[in-house]
Amino acid sequence: MTEPYIAILIIWVFLFVYAIAGSIDFGAGFWAMYYSDRETSATVLANRYLSPSWEVTNVFLVLLVIALVGFFPGAAFYMGTLMILPFSLVLILLTIRSAFMVFSFTVKKYTKALVYISGITGLLIPALMIAVLPVSIGGFIGGGERQYILFNETLASPAVYTHVGFGLATELFLSALLLSDYARESGSEKAYAIYRKNAVILGPVTLFFAVTALLTLIPEAPWMVEAMVDVWYLFALSLIAAVIGYSSLWWPSQSAAPGRPRAGVLLIVLQFGLASFAYGYSHMPYILYPDLTIQDAFTDPVMFRWLLYGYGGGLAILIPAFYIFWRLFMKDKRYLQAKPEEENQY
Amino acid sequence: MDSVLLSRMLFGTSMAFHIIFATLGVGVTLMIFFAELMHWIRKDRDYGVMAKRWTKGFAILLGVAIPSGTIVGVMLSLLWPGFMEIVGKVIAVPFQIEIFAFFLEAVFMSIYVYAADRLSSLMRIISVAIVAFGASSSAVLINIAHSWMNTPAGFQLTEGRVTDVDPWAAVLNASMPVTSKHVLATAYMTGAFVLVSIAAYRLLRKASSAAERTYHKKGLMLALAVALLASIYTAANGHDTAKMLHNEMPLKLAAAEGLFETQASAPLAIMGIPDPEQEAVVGGIEIPGMLSWLATGSTDGVVQGLNDFPQEEWPPLFVHTLFNLMVGIGFSLIGIAGFALLWSIFFRKRGFPAWLLILLIATGPLSMLGIEFGWIFSCVARQPWTIYGIQLTSNAATQSGNIGILFFLFITLYIVLLVLTILVLKYFFSRNPLQRELTVSNGEAF
């Protein structure tokens, strides 16, 4: 494997982690809003999950951007120039969301505002982000020296809508699935039933958008579809994982309602990993078709080596730190059984 | 307005906003560490309460520091794509390590806050020391990239292509050591002075009880000691900075001082306005030979003037004023803090008079202004370059339009957040009055 491919693999890992963590984080925000007036148990559960997780999710976003700049400075140049409007909007929405997360822990009267802010941004942010994908398959970039996105063409393209639809469906499906697991873990069967029902509805919706997103690619990016056919087995495996994962919602369990959400989450994450790897693999070697390949955009080889050392060294410090963290918060019964109002005040 | 100027305005405003929270993040975490240390050494519960209240304030500031840091991080690629293309090849490592430093800070912050009651006091001090270390490392790492923009090293640029990359030479560039110390010392001093201001404000209001006054007095003295030490160190470090500028960026030094003609025994011009027509600083006070002494260590050393450089490479001459304001604030703060400390030694019994408390209240805002002037000076006096001598700002900037509308959106966002942060801080500390925390018997729990 050549150096640019190692680098893009690392980027894919960060992107994958951010996509999963972000889906669950933003999705939980949406569910908290959706059930805010009706089902308090579902809202409380979603909010409890959200409080500690957004910060880590946010760090992964920065990590992704920094990794892109370091490994593929040429791509950072291109993406920065082209995506200035959507990314700026994402930044503004993200800032409002994070600030309210922290503020509402301190000032309880902001909690209501937070529920709406995190619910609405929970749909808008992922939609804006996923729209970058179809734009990078080509055909939406205009201008000679001064390039820009052709917004009219972009907005008229069915691929954009199927991708956004797919992104949102995945986000809500994944978060419903994870929250159902979280609900069962915390012994709230009522919330479990609500989130399980949502997962049951959203599973087929996600599959529908996944297929239509692929179909709309055929006329717009034949070069990519050709590459996809070559790795058909990855897509096939991903489909199998999806079907088994979906079926887990009906597996027998010791609790009153059926379903093994933990297995479902793991299988769907596996499915998502396989599919996104196959999608990314078919995208190669282009970052932006047809103008920019990973080889063109690649960083200096010396820098590449030092970045690898950097990630190695960083992980060597962080893994022990996370171990201490895990022992204090995940294993220590004194923390796990704390009263709800005592937790996550920061 | 052209998009380069708009990009500079948008990025400058974003940095000016973020730097408030970033600086406090570095300074206040160190102060929390000192409060914990005092708590441990003196076994005085007041210091425990102090660490806890400062931590809560810090946590609220973090709610803005994290997203505003995300904004500037991503905005670098959006507004300065040409610059980031070179950054990615030459100086990407410090940015990358900074993320890990932040992770470390965040993990130990959670441990310090949530697990406080389960940690021994020594472990609590170690946790908060790691938090302070992570915050300070982040400041140094980001400053490394900034110092590299002033004194670029570790690569060659031939026909627009980056070659001969040496990441370590880029990190260890000429201005890195002295400016890193400057950034750290000024952040510590600002964090401490802001806490001095708050304590002085509380002491000025007569309504508080004796226990509260003792508490605020302790906080004031602890913060004052740190602030004074850090600001004296900053002054000494300023001398090294002048020498570094003299050797590495003589044009920046000449612009800062408003020196037009290259000369031996160059005078130090204080205030006044540099006038390119008369080639002199108009209306300032000149101290003969002082600039030569600061820059070279000898009163008759030769210092280069602006006229040695082509005029199109001059930065705007108002940087002289920014520079003077920064230095003036620094020395005033040493004066106020030193005087207050002497007062407390000689008039132990009397306490601080109201006029001195009012002066002390001014130190926090003044120090923060000094930080802002310093950053604006450092970046404006580098113009017209983004990477000094290598990349012009006009070549680094984005070519896309629409910056005007983004500028408007972001400015609105910053104003709203600033107001909200102040409201949230006020709300929290009025809902959780000190008196209650001081009288709660179980002071250890968070």
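Is Trp168(B) buried, partly exposed or exposed, and at what relative accessibility? In this predicted model, Trp168(B) comes out at 42% relative accessibility, so it counts as partly exposed. Its place in the structure is best followed through the aromatic rings.

Searching the whole structure turns up 36 aromatic pairs over all chains. One of them joins Trp306(A) and Trp168(B) in an edge-to-face arrangement, with 5.4 Å centre to centre and 85 degrees between the planes. Here the contact crosses between chains: Trp306(A) belongs to helix α14 of chain A (residues 301–331), while Trp168(B) belongs to helix α6 of chain B (residues 167–171). Trp306(A) is also partly exposed, because its relative accessibility is 27%.

Chain B offers another pair, Phe33(B) with Phe34(B), and this one is tilted, at 5.6 Å centre to centre and 45 degrees between the planes. As for accessibility, Phe33(B) has a value of 18% and therefore counts as buried, since the cut-off for buried is under 20%. Phe34(B), on the other hand, has a relative accessible area of 26% and so is partly exposed.

Aromatic residues also gather in a cluster that takes in Phe14(A), Phe71(A), Phe72(A), Phe298(A), Phe304(A) and Tyr311(A), together with Phe100(B) from chain B.

Arginines join the picture in chain A. The ring of Tyr192(A) has the charged end of Arg184(A) sitting over it, 4.1 Å from the ring centre. Likewise, Arg196(A) places its charged end over the ring of Trp250(A), in this case 5.4 Å from the centre.

Methods
Residues numbered from 1 in each chain as written. Chains lettered and ligands numbered in written order. Predicted model: local features only at pLDDT ≥ 70, side-chain atom pairs only at ≥ 80, totals over all residues. Heavy atoms only, no water. Phe/Tyr/Trp six-rings, centres within 6.5 Å; stacked < 30°, edge-to-face > 60°. Helix = DSSP H or I, 4+ residues; strand = E, 2+ residues; numbered from the N terminus. Buried < 20%, exposed > 50% of the residue type's maximum accessible area, 1.4 Å probe, protein only. Lys NZ or Arg CZ within 6 Å of the ring centre and 35° of its normal.
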